[in-house]
Amino acid sequence: MSVVVDGLEGLRVPEELSARVPAEQRGPGRGRDDVRLLVSRGEAVSHHAFRELPALLRAGDVLVVNTSPTLAAAVDGRLGPEPGGEPVVVHFSTRGDDGRWAVELRSPEPSGSTRPRAGGPAGAVVRLPGGGRLALAGPLTPGSGRLWWARAYGDVPGLLGRYGRPIRYGYTERDQPLSAYQTVFARPSPDGGGSAEMPSAGRPFTAGLVAELAARGVWIAPLSLHTGVASAEAHEPPYPERFEVPAATAALVNAARAAGGRVIAVGTTVVRALESAAVGPKAVGPAGAEASARAGRGWTDLVVTPARGVRVVDGLLTGLHEPEASHLLMLEAVAGRAALRSAYAAAVRDRYLWHEFGDVHLLLPEEEGHRVRCGSNSG
C-alpha cells in the first residue's frame, strides 16, 4: 500500500538528503546526538539541535521507548542445488510462534547493498553458511510475494550472531557494525529475538541526554516491539509484529496523563504497541481524555490511520519518512494533515537528512494561547 498524504503529492526528497553514514562519522568530535531536530506544533515549526530535546519537554512528560535490540538479520545464501545456485541475501524478518521465520530474499549488488527479487519458489531450499538450511513454504500474505514463510534447520540466533550483518539499503555508503544500529535503550531478549531493522527514532539518544531528561523530571518508560523487514521499494504497511507493553509502563502513562503530562512515543513502533494495547473510546487527532493504556503482549496487525486516530499518544518523535511511506498516515493521525504538510515542506527547504541515520522530527500538541517562534537555532 503506497500512500500519498494530501498536500504532499508534489513533495520530492532530493537524493542528496539521504543520510549515508551515522552522525558520529560525519566529522571529528561528533556524536549520535549531532543531528537536527525539527519541531512541529500544529502548523508552526522550529529548528533545533537534538541536544535541545530536554528543554523542549516538561516535567511530568513521559517518553515511551522501544527496547528491542537490532539483529544482524542479513545473511548470504545460495538458492538451489549444490554446488552452484543463485546467490541471494536472506533478510530474517520475524519468528513465528510455530518456529518458522518470515524471510525476504534479495539479490546482492556489487556495492554491498541489495535489490528486490521475487520470493520463492515454494519448496526451494536456501543453503546458508555453516551448513544451515531454509526451506521456503509460501508467501506470508496471499498475493504478496515479498515475505515468505520458511522452515529454518539450525540455530537461527546463532547463525545471525556468527554470519549475519545488519540490513543495509542502497542509500547508505557502506556496511556498518551492528553496534551502529543498537540504541541506548536496547536490551537483549531472553529468546534471542529482536528487530530486523533498527527502531531508529531512539538512535540519537545518549546516556548523557537520558540523564539530563531524568534530571528535568521527564520520565522514560520501556516497551518492546520487534520490527520486521520494511518494504523499502513498495512502501507496504507493516506486517503483524510481536510486542509487549509492561504493566509498569501502562501505569506510568496513565498516571502522567491524569496529572496533565504528555505521552511522547519515541518511534512509530512505540505508537503501534501502545495503541494496540490501549482501551477506551475512539479518538481522532489528539489522544482521547478517557482512553487509557494497559499492559499487553502478543501480535499486532494494527495500522494507525487518521480515521482510526490515537487514544493514548500525545506526541511523536520519529525520523523523516518518504512521501509514499505508509507511516505518514500515523503521523497525520497524531498531528493532523496541516502540521504534516508544513513540517515536510520545511524539512526539504532546510535540507534535513532522511532515513535511519538522518535527522528527527518531534510532533507535539498545539498549545492553546502559545505561539511557537520559527527560527533556525542550529544546524
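## Salt bridges, sheet and confidence in a predicted model

Asp33, Asp34 and Arg51 are linked with one another in a network of salt bridges. The structure is a predicted model, and a search through the whole of it finds 21 salt bridges. Three further pairs are listed here.

| Acidic residue | Basic residue | Closest N to O distance |
|---|---|---|
| Glu86 | Arg117 | 3.0 Å |
| Asp97 | Arg242 | 3.2 Å |
| Glu109 | Arg115 | 3.5 Å |

**Where the pairs sit**

Glu86 and Arg117 form a salt bridge through their side chains. Glu86 belongs to strand E5 (residues 86-95), while Arg117 is in the loop between strand E7 (114-116) and strand E8 (125-127), so this pair ties together parts that are 31 residues apart in sequence. Glu86 has a relative accessible area of 30%, and is therefore partly exposed.

Asp97 and Arg242 also meet in a salt bridge. Asp97 is in the loop between E5 and strand E6 (101-108), and Arg242 is in strand E12 (residues 241-245); the pair therefore ties together parts that are 145 residues apart in sequence. How accessible are the two partners? Asp97 is exposed, because a relative accessible area of 58% is over the 50% cut-off. Arg242, with a relative accessibility of 26%, counts as partly exposed.

In the pair of Glu109 and Arg115, the closest N and O atoms are 3.5 Å apart. Glu109 is partly exposed at a relative accessible area of 29%, and Arg115 is partly exposed at 38%.

**The chain as a whole**

The protein chain contains seven helices and 16 strands. It has 379 residues, and 54% of them count as buried. About 15,600 Å² of the chain is exposed, with carbon and sulfur atoms supplying 53% of that area. Of the contacts between residues at least 6 apart in sequence, 73% join residues that are at least 24 apart.

**The nine-stranded sheet**

In which order do the strands of the open sheet lie? Nine strands make up this sheet, in the order E2-E1-E16-E15-E13-E3-E11-E12-E14, and their pairing is mixed. At the edges are strand E2 (44-49) and strand E14 (296-300), each of which pairs on one side only. From one strand to the next, the twist averages 20°.

One pairing within the sheet can be followed at the level of residues. Strand E3 (residues 62-66) pairs with strand E11 (residues 219-225) in the parallel sense, over five bridges. The bridge partner of Val64 in E11 is Ala221.

Helix H7 (residues 337-349) lies across four strands of the sheet: strand E1 (36-41), E2, strand E15 (315-319) and strand E16 (360-364). The helix runs at about 155° to E1.

**Confidence in the prediction**

The average pLDDT of the protein chain is 88, and 90% of the residues score at least 70. Where does the pLDDT stay under 50? One such stretch is residues 283-289, for which the model has 23 contacts beyond four places in sequence. Another is residues 369-379, where the pLDDT is below 50 and the model has 19 contacts beyond near neighbours in sequence. Where pLDDT is low, predicted coordinates should not be read in detail.

Notes:
Residues are numbered from 1 along each chain as its sequence is written. This is a predicted model: local features need pLDDT of at least 70, side-chain atom pairs count only at pLDDT 80 or more; totals for chains, interfaces and linings use all residues. Side-chain values use heavy atoms; hydrogens and water are left out. Helices (H or I, at least four residues) and strands (E, at least two) are DSSP runs, numbered from the N terminus. Buried means under 20% relative accessible area, exposed over 50%, partly exposed in between (1.4 Å probe, protein chains only). Contact means heavy atoms within 4.5 Å. Accessible areas come from the Shrake-Rupley method with a 1.4 Å probe; for residues, only the protein chains shown count as cover. A salt bridge is a side-chain nitrogen of Lys or Arg within 4 Å of a carboxyl oxygen of Asp or Glu. pLDDT is the predictor's confidence in each residue, from 0 to 100. Two strands pair if DSSP finds at least two bridges between them. Axes are lines fitted to C-alpha atoms, for helices over the stretch in contact, and angles run from 0 to 180 degrees between N-to-C directions.
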